[in-house]
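Here are a few short exercises to work through with the viewer open. Try each task yourself before you read the solution.

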Amino acid sequence: MNSGKPISKLEIIKQHIAAQEIEAGRKKGSVKLIAVSKTKPMDQIKSILDEGQIHFGENKVQEALLKWQEIKSENKDVELHLLGRLQTNKVKKVFGLFDYIHSLDRNSLAEKISDEVQKKGFCPKIFIQVNTGLEQQKSGIEPEKLPEFLSEIRKNMGLNIVGLMCIPPFNEAPEKHFKFLKNLADKNGLPELSMGMSSDYLTAINFGATFVRVGTAIFGLRE
Ligand SMILES: *Cc1c(COP(=O)(O)O)cnc(C)c1O
């Protein structure tokens, strides 16, 4: 087994995920790893790409355009995820670059995306971000508003809603937030769960995460 080559951080994380799937009684391959490459330069990203990584996450539209437009046209397998807050005036730029949006959290944004769907004839896969900690400074819809928001969207907007996303409060244990989000997704018939970051992705897998978003543990600390 040992070829003498040092094992990469990415490989270690993939092994941890595979082991946790078994530990948690999850299906093999049911958890996808998003390598969160925000603020990181393309040379670092390319070495991860060369290791066969498919899913990448960025949190700013402008930065992603600069970094990914070209490389994505050369690497058709790459799936790009928008993790950060999306301003309505940037929606146009998202189409054709991002395959997933993790941060839908308000009507005005849903309507803007819907307009673009009509024009372009396709829709990225979308997660609704839920503010499970009811934090004032944080994006995300309040949990109690989710059913109505979803029913509006499902009526006539043509959006491809695949699941829910959360970022638990920084200073709290994440378990109850993950559990809550899983319940909310089940109740609302949504199959995908975007939850878990470098510090808690293994915990998130125990609670049903289907996408974990890992930056620091792969790329090192950000400036
Ligand atoms: C930056 C970011 C991550 C990755 O965080 P790490 O702690 O570096 O793994 C995950 N999700 C979102 C929404 C982020 O903005």
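**Exercise 1: The largest pocket**

Task: work out what kinds of residues line the largest pocket, and which of them lie closest to its centre.

Solution. Start with the classes: the lining of the largest pocket has 11 nonpolar, nine polar and seven charged residues. Keep in mind that you're looking at a predicted model. Next, get the volume, which is about 690 Å³ for this pocket. Then go to the middle: out of 27 lining residues, Lys38, Ile167, Met197, Arg213 and Arg222 are the closest to the centre.

**Exercise 2: The ligand and its shell**

Task: find out which pocket the ligand sits in and which residues surround the ligand.

Solution. Step one is the place: the ligand sits in the largest pocket. Step two is the shell, where a residue counts if one of its heavy atoms lies within 4 Å of the ligand. That picks out Val36, Lys38, Leu83, Met165, Ile167 and Met197, along with Ser198, Arg213, Val214, Gly215, Thr216 and Arg222. Step three is to sort this shell by class, and you get six nonpolar, three polar and three charged residues.

**Exercise 3: Polar contacts of the ligand**

Task: find side chains that have an N or O atom within 3.5 Å of an oxygen atom of the ligand.

Solution. Take the residues one at a time.

- Thr216: an N or O atom of this side chain is 2.5 Å from a ligand oxygen.
- Lys38: here a polar side-chain atom lies 2.7 Å from an oxygen atom of the ligand.
- Arg222: the distance from a side-chain N or O atom to a ligand oxygen is 2.8 Å.

To finish, check how much of the ligand is covered: on its own it has 380 Å² of accessible area, and the protein covers 89% of that.

**Exercise 4: The second largest pocket**

Task: say which helix or strand gives the most to the lining of the second largest pocket.

Solution. First, find the spot: Lys14, Ile17, Val31, Lys32 and Leu33 lie nearest the centre, among 13 lining residues. The volume here is about 270 Å³. Now look at the elements: α1 (9-23) and β1 (32-36) each supply at least two lining residues. α1 wins, with four residues. By class, this lining splits into five nonpolar, four polar and four charged residues.

**Exercise 5: Backbone angles in two loops**

Task: look up phi for Thr39 and for Leu134, then place each residue.

Solution. Thr39 has a phi near 70°, a positive value in a residue that isn't glycine. You'll find Thr39 in the loop between β1 and α2 (42-50). Leu134, also not a glycine, has a positive phi near 45°. Its loop runs between β5 (125-129) and α6 (146-156).

Terms used: Residues are numbered from 1 along each chain as its sequence is written. This is a predicted model: local features need pLDDT of at least 70, side-chain atom pairs count only at pLDDT 80 or more; totals for chains, interfaces and linings use all residues. Side-chain values use heavy atoms; hydrogens and water are left out. On a 1 Å grid over the protein atoms alone, a cavity is a set of points where a 1.4 Å probe fits but cannot get out, and a pocket is an open set with protein on both sides within 12 Å along at least five of seven lines; lining residues have an atom within 4 Å of a point. Grid points are joined across faces, edges and corners, and a volume is the space filled by probe spheres set on the points. Ala, Val, Leu, Ile, Met, Phe, Trp, Tyr, Cys and Pro count as nonpolar, Asp, Glu, Lys and Arg as charged, and the others, Gly among them, as polar. A polar contact is a pair of N or O atoms within 3.5 Å; within protein, one must be able to donate a hydrogen and the other to accept it, and residues adjacent in sequence count only if both atoms are side-chain atoms. Accessible areas come from the Shrake-Rupley method with a 1.4 Å probe; for residues, only the protein chains shown count as cover. A molecule sits in a cavity or pocket if more than half of its atoms lie within 2 Å of its grid points.
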